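Here's a quick briefing to read with the model open. It starts with one glutamine and works outwards from there.

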Amino acid sequence: MLDPASIMADAGMPADPWQRDVLNSDARRMLLLCSRQSGKSTTCASLAVNQAIYDPGLVLLIAPAQRQSAELFRKVNEVYRALPNVPRIVQESAMRMELANGSRIIALPGTEGTIRGYSGAKTVIVDEASRVEDALFAAVRPMLATTNGRFVALTTPYGKRGWFYESWAFGEGWHRTQVTAHDCPRIDAGWLADEKRLIGDWQFRQEYLCEFVDTDEQFFSSELIEAAISHEVAPLWS
């Protein structure tokens, strides 16, 4: 498909510029750091559908809990059923869809033990990625080894910790996309002002401005902890 972003328009959801950029990107490793209600789940659902239709294979949807992966799968279903002239669905359940062209879209809870039975994925999409354990990231990567498949992680921030933060702040080879609430034309500025008053500055900065901020309960800031670490001092163990 020459313009993967058109899949959203065909489904009755014209893409924002950033969504078009993500859908048309050929990057194999993508980090989407996006505000709540910015459209990141719809974007990744459309990416999954595009993969399943035009490059048949296994597409995995992963999230920290089954409820979350099921919600992403529901969006996939909505996009798929809104499209004309798509391959027939030959098998379907609440967490799985198999198409006549051989594609499978499967939603899984994000635990290492759950996903290790799968291999040869064309695309792996991890929702709420900042809340997924580091061990899962290590377990997912080998699934893409034989397919040169795509790995997409979408999330809001969750403090300066975990594999997503490390990848976003320091990792190499990632295509990064950041979308704050102010970048989304469907979120009203007046509503955002009210939301900030209701939830407070710290949570607002995290959920809507996509900032990696320390929690209010944290005794030492991340900056102090990082400043106390020295690579010049030999460890006490070998």
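Is Gln68 buried or exposed? Gln68 counts as buried, because its relative accessibility is 18% and buried means under 20% relative accessible area, against over 50% for exposed and partly exposed in between (1.4 Å probe, protein chains only).

Some ground rules before the rest. This is a predicted model, where local features need pLDDT of at least 70 and side-chain atom pairs count only at pLDDT 80 or more, while totals for chains, interfaces and linings use all residues. Residues are numbered from 1 along each chain as its sequence is written, and side-chain values use heavy atoms, with hydrogens and water left out.

**The overall picture**

- The protein has 10 helices and 8 strands; these are DSSP runs numbered from the N terminus, with helices being H or I over at least four residues and strands E over at least two.
- Of its 238 residues, 47% count as buried.
- Among contacts (heavy atoms within 4.5 Å) with a separation of 6 or more, 68% are between residues 24 or more positions apart.

**How far to trust it**

- Mean pLDDT, the predictor's confidence in each residue from 0 to 100, is 89 for the protein, and 88% of residues reach 70 or more.
- Go easy on residues 217-230: pLDDT stays under 50 there, and the model has 8 contacts for them beyond four places in sequence.

**Gln68 and Val76 in helix α4**

- Gln68 sits in α4, which covers residues 66-81.
- A polar atom of the Gln68 side chain lies 2.9 Å from the backbone nitrogen of Ala65; that fits a polar contact, a pair of N or O atoms within 3.5 Å where, within protein, one must be able to donate a hydrogen and the other to accept it, and residues adjacent in sequence count only if both atoms are side-chain atoms.
- Not counting residues up to four places away in sequence, Gln68 touches Ala63, Asp127 and Glu128.
- Val76 is also found in α4, and Val76 is buried with a relative accessible area of 0%.
- Val76 and Val49 are 27 residues apart along the chain, with their C-alpha atoms separated by 6.5 Å.
- Beyond four places in sequence, Val76 touches Ala45, Ala48, Val49, Leu61 and Ile105.

**Helix α2 and its two sides**

- In α2 (residues 17-24), the buried residues are Trp18, Gln19, Val22 and Leu23.
- Looking down the axis of α2, those residues fall within an arc of 130°, so they line one face of the helix; the arc is taken from the directions from the helix axis to the C-beta atoms.
- Pro17 and Asp21 are exposed on the other side of α2.
- Cover for the buried residues of α2 includes α1 (6-10), β1 (29-34), α3 (40-54) and β8 (175-179).

**Val59 and Arg150 in the strands**

- Val59 lies in β2 (residues 58-63) and is buried, with a relative accessible area of 0%.
- Val59 touches residues including Ala48, Ile105 and Thr123, leaving out those up to four places away in sequence.
- C-alpha to C-alpha, Val59 and Arg150 are 9.5 Å apart, though 91 residues separate them in sequence.
- Arg150 is found in β7 (residues 150-155).
- Arg150 is buried yet has no salt bridge, and Asp26, the nearest side chain of opposite charge, is 6.3 Å away; a salt bridge needs a side-chain nitrogen of Lys or Arg within 4 Å of a carboxyl oxygen of Asp or Glu.
- A polar atom of the Arg150 side chain does lie 3.2 Å from the backbone oxygen of Ala27.

Key: Lys and Arg count as positive and Asp and Glu as negative; His and the chain ends are not counted.
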